[in-house]
Amino acid sequence: MTNTQMMEIVINGENQSVPVDITIAELLASRGVKAQFCAVERNQHLVPRAQHGQTQLAENDRIEVVTLVGGG
């Protein structure tokens, strides 16, 4: 059994426990969100999609994930 360390962050206004050292890309994948259909803010700063894979989250980060919805 692995002992994964966890940290607390806020995702879209809700407190969440996530593994330490998780990246934005890993967070999106764990939530079933396709990166090409969303925008991500970390602490009120837009994170370019090209940086999702190397942007590690930290304790108490505030993340906003906005998904794009098509329709008419």
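**Arg49, Thr55 and the nonpolar core**

Trainee: What is the relative accessible area of Arg49?

Mentor: This is a predicted model: local features need pLDDT of at least 70, side-chain atom pairs count only at pLDDT 80 or more, and totals for chains, interfaces and linings use all residues. Residues are numbered from 1 along each chain as its sequence is written, and side-chain values use heavy atoms, without hydrogens or water. Arg49 counts as partly exposed (between under 20%, buried, and over 50%, exposed; 1.4 Å probe, protein chains only). Its value is 46%.

Trainee: Which residue offers its backbone oxygen to a polar atom of the Arg49 side chain?

Mentor: Arg49 is in contact (heavy atoms within 4.5 Å) with Ala35, Gln36 and Cys38, leaving aside neighbours within four places in sequence. One backbone oxygen lies 2.9 Å from a polar atom of the Arg49 side chain. That oxygen belongs to Ala35.

Trainee: Is Thr55 buried or exposed?

Mentor: Beyond four places in sequence, Thr55 touches Ile22, Thr23, Ile24, Arg42 and Val47. Its side chain also reaches the backbone oxygen of Gln51 at 2.6 Å. With a relative accessible area of 11%, Thr55 is buried.

Trainee: Which members of the largest nonpolar core touch the most other members?

Mentor: Such a core is a set of buried Ala, Val, Leu, Ile, Met, Phe, Trp, Tyr and Cys residues joined through side-chain atoms within 4.5 Å. Leu27 has contacts beyond four places in sequence that include Ile9, Leu57 and Ile63. Of the 14 residues in the core, those touching the most other members are Ile9, Leu27, Val40, Leu57 and Ile63.

Technical notes:
A polar contact is a pair of N or O atoms within 3.5 Å; within protein, one must be able to donate a hydrogen and the other to accept it, and residues adjacent in sequence count only if both atoms are side-chain atoms.
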